[in-house]
Amino acid sequence: MQVSEILGALKAEVELVQGDLMPWLEALAENPRADALDAYRSQLERTQETCSMLALNGLAQWLQVLLDSVAALDNASEDQRVDWAEAHTLWPGALAAYLDDHTSEAATLGLLDYAADPRLLLPVDVEGVGQLHIMLAEPIVLSQEFDEPLAEQETATLADTDLQVPADVDASVYEAFIGDAAEQAVQLSVLVLQVLQGQDETGAGLVEARRIAHSFKGVAAMIGIRGISRLAHRLEDILDFLASLPEVPSLPRALSDILQDATATLEQQVYAVMGEEAPPDNAQQVLQAVMDWDYVLKTNGPSALIDTAQAAIEIIASETALDATPGQTAGPDFDFDLDLSVQPDLVSPELSVQAALPLAQLPPMPAIPLPSATAQRAPAATAAANPEEDVTTRVSVRRIDEFLRTAGELFLGSAQLRLALDEALARQKALLAQNLSMQNRLAELDRAVSLRGVSLKAEQAAGGLDALELDQYNELYGLTKALYESSADFKDMADTVQEKLGGLSSQALRQELTARNFQRLVLTTRLLPAGTLTARLKRNVRQTARSTQKEAELEVSGEEVMLDREVLDQLGEPLLHLLRNAVDHGIELPAVRRAQGKNPQGTISVQFREQAGAVEAVVRDDGAGLNLNAIWQKGIERGLLAANEEPSEAQLLRLVMQPGFTTRSSITEVSGRGVGMDVVRERLERMGGSVLIATEAGKGSAITLRFPASRALLFALFVRVGGQLFALPASAVQTALAPGMGSLQQTSAGWQLVYNQQTLPVRRMASALGIEDDAGADAAMDQQPLVVVRGPEGDVALSVQAVVSSREVLLQPLHAALVNLPGLLGAAIMPDGSVAPVLDIPSLLRDKASLRSLGTQATQQDTRPLILVVDDSLSVRRSLTQLLGDSGYRTVTAFDGMDAITQLAKLKPSLVLTDLEMPNLNGLDLTRHIRNRADLHDVPVVMITSRSMDKHRQMASEAGVTRYVTKPYTDDDLLDELASLSGV
């Protein structure tokens with residue numbers, strides 16, 4: 001195909017856009033977030049991808065100016081949107097003029113003038129116009145050169161199809177991979193089929209298929225699933241070959257079939273890892289065929305798509321036979337289907353004769369052993385093969401939260417119904433009691449009437465009775481008897497109603513219990529074992545020990561303790577910081593430990609355990625322990641202690657959690673990073689938890705983190721203060737004391753409680769809440785219940801009006817207007833419909849000065865380097881985010897280059913970490929964008945990719961990439977690169 005034909009086809013595509021352009025622009029001029037935005041942006045992206053595929057790099061960069069302009073529309077004023085829309089009506093004409101004669105300087109200048117139009121909101125600056133001019137002025141050459149190194153024929157082995165998931169895999173990365181792998185695999189199959197059927201007119205489907213295969217290769221290799229990684233790798237190579245051609249020709253049927261087999265096999269492998277299907281029995285056979293085709297294409301180039309019938313088969317047969325593994329067991333021959341279905345005008349007469357040869361006259365295919373299903377079955381797949389095992393399905397976290405909310409409402413409704421029935425039953429009993437009283441009165445009336453009747457009869461016998469009086473008596477007597485009988489009937493009916501209400505109340509109680517069980521079952525779907533963090537924790541200790549030239553081993557116990565996913569996410573960073581501290585500050589150097597008679601290798605342990613309605617994570621080390629004397633001196637220097645003060649050990653240990661407190665003269669690269677124990681304490685308190693430190697000189701330290709197992713469902717103690725019900729999380733409560741328990745005494749510092757050999761300060765909870773409590777204020781302190789809670793400065797006894805009950809409640813989130821209100825974690829809806837605020841005890845007890853200092857310190861201390869991670873794979877983003885976060889960096893993520901540009905409009909990172917191949921905007925174009933911006937020009941860009949060819953390195957260098965890292969790489973090597981660039 002000639003250059004003129006390609007440019008003509010591109011012009012025709014641009015002309016098709018004009019039919020939809022005006023409606024799109026009119027809609028966007030009125031509303032920058034209209035549905036037309038996605039349609040317009042997608043059209044520009046497709047046109048840009050077409051230019052990129054055809055190596056029209058100048059036009060692709062020019063179209064990027066339009067895409068940047070679309071991204072800037074959201075922040076434009078109404079007048080600016082009108083001008084923007086008017087400017088966007090002009091680009092098809094300017095582009096068409098260039099496509100008519102790309103050698104015309106006038107046409108090139110027309111594109112440049114348009115790119116600099118200020119109405120685009122993000123026009124190209126003078127320097128950018130110069131660079132764009134150079135790219136547009138370059139002659140267009142359709143290259144068909146293939147600079148891949150000489151391929152070597154490979155033999156697929158059984159190990160190449162292994163779907164075993166490593167035992168030490170990072171659970172969150174694996175979960176992210178599983179979360180979208182099935183959908184991606186299905187999409188890959190669909191896209192490849194569209195390409196093979198000629199339905200991918202713009203080439204965008206082939207580009208997306210390459211990206212998905214590339215993502216599968218990288219993520220599967222990162223996790224350690226060799227079978228998926230190997231097949232995706234070779235499949236990507238073939239797709240790369242096809243994408244390098246000016247246009248995808250009609251493929252031989254044999255290649256078309258094997259591409260479909262490969263995507264189907266990859267899809268089945270994904271489901272096998274998920275445990276939903278058995279592994280494919282022909283995985284090794286399919287992989288070998290894909291390897292053979294990859295070899296033929298790399299060896300013979302585009303001609304292999306025509307003369308495959310004879311030449312390719314001979315190459316495969318001879319090369320594979322020579323390189324076959326000695327002792328390899330022969331199996332059934334793999335049969336290439338030789339009905340090539342090649343277009344007649346593309347095949348020479350000689351090749352047509354060869355293609356028509358019968359199968360018996362062709363060289364035999366090499367023998368390929370078939371793997372047994374049992375040998376390659378992954379553990380996850382074993383469950384799928386056994387119908388008695390549980391099957392799984394994927395449900396979004398948002399959906400689970402909706403289930404939990406609905407379950408909570410169902411439980412509350414059931415509880416309210418039962419209370420209403422209980423109240424009705426109580427009223428029925430009261431009504432029966434009242435009826436009984438009325439019957440007693442009627443009995444008295446009946447007796448009185450009967451006596452009057454006896455008297456009247458005596459008078460009648462004496463002949464002195466008035467007939468009228470006798471009639472009145474008979475009427476009264478009849479009414480009394482009727483009333484008495486009605487009362488008895490009412491009692492019978494009331495007994496029946498009471499019986500029915502009792503049955504309904506019992507049924508409502510059973511319904512309430514069922515709703516509670518349903519709520520718990522839904523909650524368990526949010527729970528993960530604490531061992532999910534083990535891989536991260538061990539990696540953290542290993543990396544820290546390496547950085548500090550120390551030896552340390554981490555032991556984790558209680559991994560089976562179940563925690564809410566949100567709690568696990570929030571717990572990760574505090575635990576990692578404590579482990580870094582344990583290695584850097586606690587564990588001694590091997591020589592020092594040896595001299596002290598210790599094992600040169602230090603031992604650090606993390607123990608998870610359930611404790612009284614909460615969970616504790618205890619971090620212990622056998623190092624030197626905290627230097628209390630150094631803490632004392634530093635406290636005096638900072639004015640936290642008086643020079644003549646003799647604080648207790650507990651007071652000294654609490655100083656460690658003061659903002660910015662450290663005994664080191666400078667922040668270390670390892671455990672400092674600007675994050676101190678005060679941040680650990682703050683995060684635990686934000687979770688409704690607390691931190692307790694214990695130490696022993698020469699023997700080590702123990703730090704206990706106490707927190708609720710779930711942020712959705714928590715156990716709470718309910719107290720009444722000022723007539724209002726409040727909930728105290730069990731994780732913050734030590735004990736509740738009835739009036740008279742312990743000894744109260746009043747000192748100059750206020751009330752104090754002596755209990756269990758401890759002296760604790762006493763505070764009125766009403767004062768801490770800032771509410772009036774007349775009943776509590778009037779009552780003597782020794783007549784009020786006390787609740788001992790964990791405060792920011794140690795245990796505190798709170799006096800309350802009454803201790804009501806303790807129960808498990810569903811924590812309801814606060815309204816957006818209240819989320820930053822100190823002292824509140826959320827709210828609990830009670831069965832009677834009332835609302836009880838759930839208190840954040842440490843925040844509630846901390847005084848305002850402390851809150852201000854904490855906020856100031858938090859603002860000052862967050863000086864860790866910020867890294868922007870750009871990758872279209874969720875698994876890769878999550879893996880890199882964890883690695884960087886565990887190593888002391890802040891991170892922001894973007895799912896492609898366009899999203900990264902949006903992020904860069906709001907922040908300036910210390911470094912950008914990007915993939916090479918991404919949809920919408922690849923890593924090279926993102927790097928060019930960064931280099932063309934004056935405010936970001938000096939930001940280092942590290943590109944991570946599996947592309948190791950010199951041409952890719954050259955392209956990256958020309959775009960301005962600072963470091964080019966190829967997969968596979970080690971975490972340590974990557975961190976060393978980042979440290980050298982970020983100055984950490």
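Me: In this predicted model, what share of the 984 residues of the protein counts as buried, and what makes a residue buried?

Reply: Of the 984 residues, 48% count as buried, a label given to a residue with under 20% relative accessible area. The protein as a whole exposes about 46300 Å², of which carbon and sulfur atoms supply 52%.

Me: Why is helix H3 called largely enclosed?

Reply: Helix H3 has 15 residues, and 13 of them are buried, so the helix is largely enclosed by the rest of the structure.

Me: How do you know what helix H3 (residues 57-71) should span, and what do its end C-alpha atoms show?

Reply: The expected span is 1.5 Å times one less than the number of residues, so the 15 residues of H3 should span 21 Å, and because its end C-alpha atoms are 21 Å apart, the model agrees with that expectation.

Me: What makes strand E2 and strand E6 the edge strands of their sheet?

Reply: The sheet is open and holds 5 strands in the order E2-E4-E5-E7-E6, with mixed pairing. Strand E2 (552-557) and strand E6 (690-696) each pair on one side only, and they are therefore its edge strands, given that pairing requires at least two bridges between two strands. Neighbouring strands of this sheet are turned by 15 degrees against each other on average, with direction ignored.

Me: How do you know that strand E4 and strand E5 pair?

Reply: Two strands pair if there are at least two bridges between them; strand E4 (residues 602-611) and strand E5 (residues 614-621) are joined by 8 bridges and run antiparallel, so they meet that condition. In this pairing, Gln 611 stands opposite Ala 614 in E5.

Me: Which helix lies across E6 and strand E7 (700-707)?

Reply: Helix H24 (residues 677-686) lies across both strands, and its direction is at about 140 degrees to E6.

Me: Where is confidence lowest and where is it highest in the protein?

Reply: The lowest confidence is in helix H14 (residues 349-355), with a mean pLDDT of 31, and the highest is in strand E21 (residues 911-915), at 94. The protein averages a pLDDT of 77, and 80% of the residues score at least 70.

Me: Over which residues does pLDDT stay under 50, and why does that call for care?

Reply: One such stretch is residues 307-389, for which the model has 117 contacts beyond four places in sequence, and another is residues 848-861, with 13 such contacts. Where pLDDT is low, the predicted coordinates should not be read in detail.

Definitions and conventions:
Residues are numbered from 1 along each chain as its sequence is written. This is a predicted model: local features need pLDDT of at least 70, side-chain atom pairs count only at pLDDT 80 or more; totals for chains, interfaces and linings use all residues. Side-chain values use heavy atoms; hydrogens and water are left out. Helices (H or I, at least four residues) and strands (E, at least two) are DSSP runs, numbered from the N terminus. Axes are lines fitted to C-alpha atoms, for helices over the stretch in contact, and angles run from 0 to 180 degrees between N-to-C directions. Contact means heavy atoms within 4.5 Å. pLDDT is the predictor's confidence in each residue, from 0 to 100. Buried means under 20% relative accessible area, exposed over 50%, partly exposed in between (1.4 Å probe, protein chains only). Accessible areas come from the Shrake-Rupley method with a 1.4 Å probe; for residues, only the protein chains shown count as cover.
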